[in-house]
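Please study the model shown below and work through the exercises that follow it. Each task is accompanied by a solution in steps.

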Amino acid sequence: MRRANPWSALRRLTTEAEVEATVGRPASVIMLKQISALDEGCRTVLAGCPIAAVGYRDADGTSRTTFVGGTPGFARVHSPTRLSFALPGSGDPHGPISFFFLLPGVGEVLRVNGSVTARQGTETTVDIREAYVHCAQAVLRSRLWQPPSPAAPAEPVARITGDGPLCRPGVVEFLAAAPFLALSTWDDSGGSDTSPRGDRQAVARVLDGRTLVVPDRKGNKRADTLHNLLRDDRLSFAALVPGRSGVLQVHGRGTITDDPALLETMALRGMPPHLALLIDVEHAEVAGNDAVARSRLWTPGAHLGRDTVPDLMALGGEHLAAGSAAAEDGPPAFLLRAVGAIPGMTRLLRLVIDRLYRSGLRKEGYEDDGPTTRGRHRGFPRRRPTDAGHPTAAGRPVAGGRAIAGGRMEDPLREVRVAEVRGETPSAVTLVLEDAGENPGSFDFRPGQFFTLVAAIDGRPVRRAYSASSAPGSPRLEVTVKRVEGGRFSTHAHQSLRVGDRIAVRGPSGSFHAEPQPPDEIVLVAAGSGVTPMMSMIRTRLAVGSGRDRIALLYSSRTAQEVIFAEELTRLAKDNPGRLSVTHVLTHRDGRLDAAGVRRWITGLSPAPGAHYYTCGPVPLMDAVQDVLTALGVPAEQMHHERYTSGADTGTVGTVPQEMVVEEDGRPVGTAVVEPGQTLLDAGLAAGLPMPYSCTVGNCGDCMVRLRAGEVTLNEPNCLTPQQKADGYVLACVSCPLSKVTLDITDP
């Protein structure tokens, strides 16, 4: 049941004639810039674009707008009329869909409209209907690319009363600081439009707990949003605050008003907007956004320079020439192309356009800050390759995930595609992964190390650590995933991941690995999926070993059907007699492997004094092996074990954005806002702070920091010792704030 609108007395515009009487009609040249497929210029933009706003509707008709991406080239172009991208979230997009693609530091945006044709997991395929370059006014009005102001005490925000959607935690404060949003609307003929909106200070103003007003200032007169709302009043938007990695998502219904008294409240230097949108809000929520966090749009070095991006106005000129060639009443296409080919003309046109932008802003009442519409030449910088798990920061090395000597921390996530899903047992599958790009690299690690896999599940990035089961140096990485009852990632891997799907990997991580100069003899004890790092060691040693080495594996499984790599282990032992021996223990037949059984097996082997021992499995088994080896006099430096947690989700998370202050040796480093659902590490990295980290799932301890003030919730289990917890240490990668917090990132 729709509520009574207290603003119903305001005058509404309900016809196209009324809208055009105020806004005007767009010049024909504006419409001629619209093309029906992605040309080379569009594809170049998409290859370098790290983030886009997208608007779509669920199967139930709910309107949604969000930001997607995270790394350049996230939108994959399959043909001039088809692209695909990862759309996290539980909603299933249907029908019309629309985008605008943002290039950091560039004012103009590339807008693309089409329809959803397929959805597999999070991968969404879109057939393209139209594409065009949108002017820079929204970005300029909002000062979107200017560096965020240094953190300062926030001015009090007027509170609103009631139980409306805008009364939810953090919503009013976010709106008061948000100068930019992406607004999505739909028409009644299968079309969708997502357009940028920007203003100084707040782009949307709160009228009450359920009502917002967004000024509509003068633009290019296309007025797609206004025309759509005359046909279908459902809308949605996603708002940004520079420097924050959270997004405010809103959906509701909108109408158009020209009420003079209301417009006057939004005047700039005496110049009110010509119209405004009144939004009856049905839902509003602030949440962390993985695409915004990974894009790090406001960190030093994120903006693209003049020599590394195409000039989008020049691209719009090419589109105009193409549109004119197909139109009967447009300007001569040959003349447009000839003018564009004159040396220096692109630079001259950019100067003219920038002057027009400044003039337009002054006429609307804005102060003249000068536009920041960078980007003049074609091409994008190639991403600098990094060693696996060792990113660079502005050309400098990174130690333990911490940027050294300043500079921007590069995102170490490596996008991969699923090349094969291979069943090993009824409860275990091996994911074969390869680089998603055109120039695949190798996966370099030490046998026994693990990688963190990251996939978007139900709208949230989920991370899990899995040991590599393949040998290093191959263009394909194999990780074996055993299904865990109630496990989000393992269930996703078994039920949803298909060949061609894309996820990300981080790593390698972990100190459990074969030595650079391995001894002649290694003894391996594993249970269940603990055999996966052992398999990497076995494959590597047998491939490159001298033939004088010796490998012995004691492997405990529940039943014969649950023996992972059973056939390969049998074959390798047969093909390498004297080098590899495999002893199986089936608990349903032989009983649980205990200390006595381990001792009998090891003494029967008679290992050499210099043998190294590796154990991976349940904690009781690893403790039993360690006790046996200690009793046998094996030195501690020859014993290695792997203890990693399940990486379960944090149990309690805050519902309100919280401030995080970061210090090092008592000196302030910076501040960040931790959005609801974000970890301390995610928020710090998104803000460009030098946070230490490696695995990001609570296994390695590299992200251990001291909590100086405030309260956090820490995911259990994790690798912290009771003494470390008592000393006030937390793991930033699995901790969420429940209040304002202060962290000290000094290396413990």
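The exercises below concern this predicted model, beginning with the whole protein and then turning to two sheets.

**Exercise 1.** Describe the protein as a whole: how many helices and strands are there, and what share of the residues counts as buried?

*Solution.* The protein has 19 helices and 36 strands. Next, burial is judged by relative accessible area, with under 20% as the cut-off. By that criterion, 53% of the 748 residues are buried. The exposed surface comes to about 31700 Å², of which carbon and sulfur atoms supply 51%.

**Exercise 2.** Determine which strands stand at the edges of the open sheet of seven strands, and why one side of each lacks a neighbour.

*Solution.* Begin with the strand order, β3-β2-β6-β7-β8-β5-β4, in which the pairing is antiparallel. The edges are β3 (63–69) and β4 (76–79); each has a single partner strand, so one side of each is left without a neighbour in the sheet. From one strand to the next, the twist averages 30°. Helix α3 (residues 40–48) packs on this sheet, and its direction makes about 75° with that of β7. At one edge, β2 (residues 51–58) and β3 pair over seven bridges in the antiparallel sense. Within β3, Gly69 is the bridge partner of Ile51.

**Exercise 3.** Identify the order of the open sheet of five strands and the residue that stands opposite Leu707.

*Solution.* The order is β31-β30-β36-β32-β34, with mixed pairing. Strands β31 (667–674) and β34 (729–731) are the edge strands, each pairing on one side only. Inside this order, β32 (residues 704–709) and β36 (residues 741–744) are joined by three bridges in the antiparallel sense. Leu743 in β36 stands opposite Leu707.

Conventions:
Residues numbered from 1 in each chain as written. Predicted model: local features only at pLDDT ≥ 70, side-chain atom pairs only at ≥ 80, totals over all residues. Heavy atoms only, no water. Helix = DSSP H or I, 4+ residues; strand = E, 2+ residues; numbered from the N terminus. Buried < 20%, exposed > 50% of the residue type's maximum accessible area, 1.4 Å probe, protein only. Areas by Shrake-Rupley, 256 points an atom, 1.4 Å probe, with all protein chains shown as cover. Pairing = 2+ DSSP bridges. Axes fitted to C-alpha atoms, helices over the stretch in contact; angles between N-to-C directions. Contact = heavy atoms within 4.5 Å.
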